[in-house]
Structures are given as C-alpha cells and as structure tokens.
Amino acid sequence: MRAFVGLGAVLLALSGTMVVAAVPAGAVAKRCTTGTWKLTRAEHRTSRPGDLFWATTRGGAGERLKITGAGSLTYDFGRAAKNVTTGTLGGRKYTGWVRYRGKLKVKATLSGSRIRTRIKSASGGATYRIVVSAPSVFDSASRNLAPKIRSGDSDQVVAAAGTFTCRGRTLKISETDSYAAAQGGGGVVSTWAYRRV
C-alpha cells in the first residue's frame with residue numbers, strides 16, 4: 001500500500017466535525033515499507049584494528065526485498081550481483097567477493113525509524129559462496145545462509161538492529177555494528193538503498 005499520511009495524522013469527519021487523529025509511528029512505517037523493493041546500492045565499511053583489517057564492500061544490486069505489513073521480509077537473490085570487497089589485511093592487499101542465491105525469509109519489526117530483525121527466525125534455501133583472491137586464495141563451496149544468520153552473523157544481508165527512512169519510492173536502511181575485542185574490535189557501518197518495484 002503506497003498511501004502517505006502527511007505529518008502522521010489523518011482527518012476524520014465525525015458528526016460533521018473535522019478532527020485530527022494521530023497515527024501510530026508503526027502504522028506509518030508499515031504503509032510506506034510494505035511492498036517489493038529492488039536493491040540499487042549497498043555499502044559496508046569494516047574496520048578491525050586488532051586484526052589490522054580495513055575493507056569496503058559494495059554490490060548486491062538487483063536483489064529483491066518483499067516486506068509485508070505483518071513484518072515478514074523475503075530476500076530474493078536470484079538476480080543479485082556479487083558483493084565485492086577491497087581493503088588491507090596486515091598491511092597487504094585484500095580482495096574477494098561473496099555471491100548470494102535463492103531466498104531468505106526473516107521476521108522483523110519496523111516502527112518509527114527503527115528496524116529490528118528476529119534473526120532466529122531466518123529460514124529458506126538461500127546460499128552464499130565466498131571467494132578470496134588476495135592476500136591468499138580461498139574458495140568456499142556454496143553454503144546455506146539461514147543457519148549463519150540464526151547464529152548471529154547478519155552477513156551484511158539483514159539489519160539486525162538498524163534504522164530506516166522510507167519516502168514514496170525509496171527505502172534506505174542503515175546499521176552500525178561493533179565487534180568484540182576478541183574479534184579485533186572496531187565494527188562495520190552498513191547502508192542499503194532500495195527503490196520500489
């Protein structure tokens with residue numbers, strides 16, 4: 001549903017009298033976000049100083065995201081481009097990519113400007129494959145994505161606890177996550193830009 005409620009209020013005519021009824025922030029969010037979206041750009045900036053690792057990942061264009069009013073999110077990677085990473089690891093050049101295929105489903109709450117994904121709800125047959133070409137060569141077999149998400153690794157696919165802005169035909173989701181000291185400290189800043197299909 002694409003209806004937009006200006007200033008978060010609706011005008012109701014009751015008994016010939018015009019009154020203003022406030023619309024809950026969650027309702028406004030659902031009205032805007034409900035529908036099918038196409039990813040146009042995603043970027044993830046990662047820093048793990050303890051591991052001497054800094055990198056930027058871009059890609060994923062073509063992914064479809066379907067959001068229902070009940071908070072069900074379905075990611076369709078059938079036409080998604082690779083996510084390409086470039087950076088440095090221990091002072092040496094780091095390059096690699098990850099490709100997703102299939103569909104992933106999760107439950108989420110979208111309210112006001114916040115999105116909270118219930119990662120334990122992840123399901124579906126989506127797969128991922130990781131290829132690293134430098135500083136060493138690594139090529140993983142395709143693996144199921146849902147168990148990875150359920151384990152707490154959002155894999156730069158879903159925003160476990162982020163914010164969003166939705167305006168008509170555009171949806172932007174952002175998330176800033178921190179790594180534990182045992183993982184090298186630092187964190188990752190992610191943004192996903194979508195257009196309504």
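**Salt bridges, voids and backbone outliers**

Arginine 129 counts as partly exposed, since its relative accessibility of 31% falls between the 20% and 50% limits. The model is a predicted one, and in it arginine 129 forms a salt bridge with aspartate 139, with the closest N and O atoms 2.7 Å apart. This pair ties together distant parts of the chain: arginine 129 belongs to strand E11 (residues 127-134) and aspartate 139 to strand E12 (residues 138-139), 10 residues apart. Aspartate 139 also counts as partly exposed, at 45% relative accessibility. Between E11 and E12 runs a loop, and proline 135 sits in it. The peptide bond leading from alanine 134 into proline 135 is cis, with omega near 10°. That one is worth a look, because most peptide bonds are trans.

As for confidence, the mean pLDDT of the protein chain is 86, with 85% of its residues at 70 or more. The weak spot is residues 1-25, where pLDDT stays under 50. Even so, the model has 32 contacts beyond four places in sequence for this stretch.

The salt bridge count comes to five. One of them joins the side chains of glutamate 43 and arginine 45, at 3.0 Å from N to O. Glutamate 43 is buried because its relative accessible area, 17%, is under the 20% limit. Arginine 45, by contrast, counts as partly exposed at 43%. The story doesn't stop with two residues, as Glu43, Arg45 and Arg58 are linked in a network of salt bridges. Another bridge pairs lysine 148 with aspartate 153, whose closest N and O atoms are 2.7 Å apart. Lysine 148 is buried, with a relative accessible area of 16%, whereas aspartate 153 counts as partly exposed at 33%.

Lysine 148 and aspartate 153 turn up again in the largest pocket. Together with Asp155, Gln156 and Tyr179, they lie nearest the centre of this pocket, which has 31 lining residues. The space inside the pocket is about 790 Å³. Several strands chip in with at least two lining residues each, namely E3 (35-48), E4 (53-59), E7 (83-89), E8 (92-101), E15 (170-178) and E16 (187-196). E8 makes the largest contribution, with five residues. By class, the pocket lining splits into 14 nonpolar, 11 polar and six charged residues.

Turning to closed space, a search of the whole structure gives two cavities of 30 Å³ or more. The largest cavity has a volume of about 80 Å³. Its lining runs to 14 residues, with Leu39, Glu63, Asn83, Tyr100 and Gln156 nearest the centre. Gln156 therefore appears in two such lists, being among the residues nearest the centre of the largest pocket and of the largest cavity, where lining residues have an atom within 4 Å of a grid point. Strand E3 gives the most to the lining of the largest cavity, at three residues. That lining is made up of eight nonpolar, five polar and one charged residues.

The second largest cavity holds about 40 Å³ of space. Lining it are Leu65, Tyr75, Ile115, Val157, Val158, Ala159, Ile173, Trp192 and Tyr194. By class, this lining has nine nonpolar residues, with no polar and no charged ones. Tyrosine and tryptophan land in the nonpolar group because the classification used here puts them there.

Two more spots round out the picture. Leucine 52, in the loop between E3 and E4, has a positive phi of about 55° although it is not a glycine. Most residues other than glycine have a negative phi. Leucine 52 counts as partly exposed, because its relative accessibility of 46% lies under the 50% limit for exposed residues. Serine 72 lies in strand E6 (residues 72-76). At a relative accessible area of 19%, serine 72 is buried, because the limit is 20%. Neighbours within four places in sequence aside, serine 72 is in contact with Lys66, Ile67, Val106 and Lys107.

Key. Residues are numbered from 1 along each chain as its sequence is written. Side-chain values use heavy atoms; hydrogens and water are left out. pLDDT is the predictor's confidence in each residue, from 0 to 100. Contact means heavy atoms within 4.5 Å. On a 1 Å grid over the protein atoms alone, a cavity is a set of points where a 1.4 Å probe fits but cannot get out, and a pocket is an open set with protein on both sides within 12 Å along at least five of seven lines; lining residues have an atom within 4 Å of a point. Grid points are joined across faces, edges and corners, and a volume is the space filled by probe spheres set on the points. Helices (H or I, at least four residues) and strands (E, at least two) are DSSP runs, numbered from the N terminus. A salt bridge is a side-chain nitrogen of Lys or Arg within 4 Å of a carboxyl oxygen of Asp or Glu. Buried means under 20% relative accessible area, exposed over 50%, partly exposed in between (1.4 Å probe, protein chains only).
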